[in-house]
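User: Could you take a close look at one helix for me, and at what comes right after it? I'd like the geometry and the contacts in one connected account.

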Amino acid sequence: MAGDWKFRILHEEARSRRLILEGHVDPPYKRPYHDPLFFYAVVGSGYLSLEVSRDFDGERLLDYLFVHLGQPEEPPRTQVGGRQDEEEGALLMVEWRFPAEGREAWLQRLEEILDHPLAGAVPNRQPGQEA
């Protein structure tokens, strides 16, 4: 997918009921910041939870994901770190729910977006293995 966001998974941890992913995202344009855009995602049995910086790039990333994953049931929430009157370090948090019967197709779509296998999200599944 030309012009898409590029995900770099820096840490992946498969737990019994969820897969945790941490990494950086590069937008399809030059960022004016020196620090990378960080994301934290949890893939559970029926959901994807995502946290990303609340800034221009984080908001554009969510717009991109809304196009490819659909709109979440609830709008993104903002978590402000530090003092409540400061937005430095604020995060956007969003959660997508998906039905159990559509889980494999949803995970496959997420793998394509991340360009990373999610074998740890499905017990006994190997990378590249179909449902």
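Analyst: Happy to; here is a walk along helix α2 and into the segment that follows.

This is a predicted model, in which local features need pLDDT of at least 70, side-chain atom pairs count only at pLDDT 80 or more, and totals for chains, interfaces and linings use all residues. Residues are numbered from 1 along each chain as its sequence is written, and side-chain values use heavy atoms, with hydrogens and water left out.

Helices here are DSSP runs of H or I with at least four residues, strands are runs of E with at least two, and both are numbered from the N terminus. The 12 residues of α2 should span 16 Å at 1.5 Å a residue, and the end C-alpha atoms are indeed 16 Å apart; the expected span is 1.5 Å times one less than the number of residues.

Buried (under 20% relative accessible area, 1.4 Å probe, protein chains only) describes Arg103, Trp106, Leu107, Leu110, Glu111, Ile113 and Leu114 in α2. Seen down the helix axis, these buried residues fall within an arc of 160°, so they line one face of α2; the arc is taken from the directions from the axis to the C-beta atoms. They pack against β1, β2, β3, β4, α1 and β6, where contact means heavy atoms within 4.5 Å.

Just after α2, Asp115 takes a positive phi of about 55°. Most residues other than glycine have a negative phi. Asp115 counts as exposed, at 70% relative accessibility, the cut-off being over 50%.

His116 is also in the segment after α2. Leaving aside neighbours within four places in sequence, His116 is in contact with Ile9, Glu12 and Glu111.
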